[in-house]
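Got the viewer open? Keep the selection box handy and we'll hop from one spot to the next.

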Amino acid sequence: MAPKYKDKDGGVVLTFNGQWVSWSHTVVAYTAFISALIVGCSLHYHKIVENEFYRYPDEWFPSVSATIGDRYPERSFFMIFIAITSGMDAVKASCARISAN
């Protein structure tokens, strides 16, 4: 039986649409930020909205750096999901390298 793809010698092990890698990468990256924000706001909201100049009534939404960088466990949530995202970056790079050949 002839191979389905003319440019490949042997059988194809796995095929999928590359847009799913991109979409899953985006979803996991958003999940990293949103999970850190939810955990941070639920555990110590007043500490993460405070900055050098303002506190809670004036400053009511936490910055990204205060949410993911200053306190645990929200930093752990962020780091886990970003690690998953970096694995998807490797998949995207290898797919791009394979398709270039």
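Start by selecting Tyr 30, Phe 33, Ile 34, Ile 38 and Val 64: together they make a nonpolar surface patch with about 520 Å² of accessible area. A patch here takes residues with over 30% relative accessible area and no salt bridge, joining nonpolar side chains (Val, Leu, Ile, Met, Phe, Trp, Tyr) within 5 Å and like charges within 9 Å; the areas are Shrake-Rupley with a 1.4 Å probe, and for residues only the protein chains shown count as cover. A salt bridge would be a Lys or Arg side-chain nitrogen within 4 Å of an Asp or Glu carboxyl oxygen.

This is a predicted model, so local features need pLDDT of at least 70 and side-chain atom pairs pLDDT 80 or more, while totals for chains, interfaces and linings use all residues. Numbering runs from 1 along each chain as its sequence is written, and side-chain values use heavy atoms, without hydrogens or water.

Next, color helix H1, residues 19–48, which gives the most to the patch, with 4 residues. (Helices are DSSP runs of H or I, at least four residues, numbered from the N terminus.) Zoom in on Ile 38 in H1: is it buried or exposed? Exposed, at 54% relative accessible area, since the cut-off is over 50%, with buried under 20% and partly exposed in between.

Stay in H1 for Ser 35, which is buried at 13%. Its side chain has a polar atom 3.2 Å from the backbone oxygen of Ala 32.

Last stop: Thr 67 in helix H2, residues 64–69. Thr 67 is buried at 4%, and its side chain reaches the backbone oxygen of Ser 63 at 2.8 Å.

Definitions and conventions. Helix = DSSP H or I, 4+ residues; strand = E, 2+ residues; numbered from the N terminus. Buried < 20%, exposed > 50% of the residue type's maximum accessible area, 1.4 Å probe, protein only. Polar contact = N/O pair within 3.5 Å; in protein donor to acceptor, adjacent residues only side chain to side chain.
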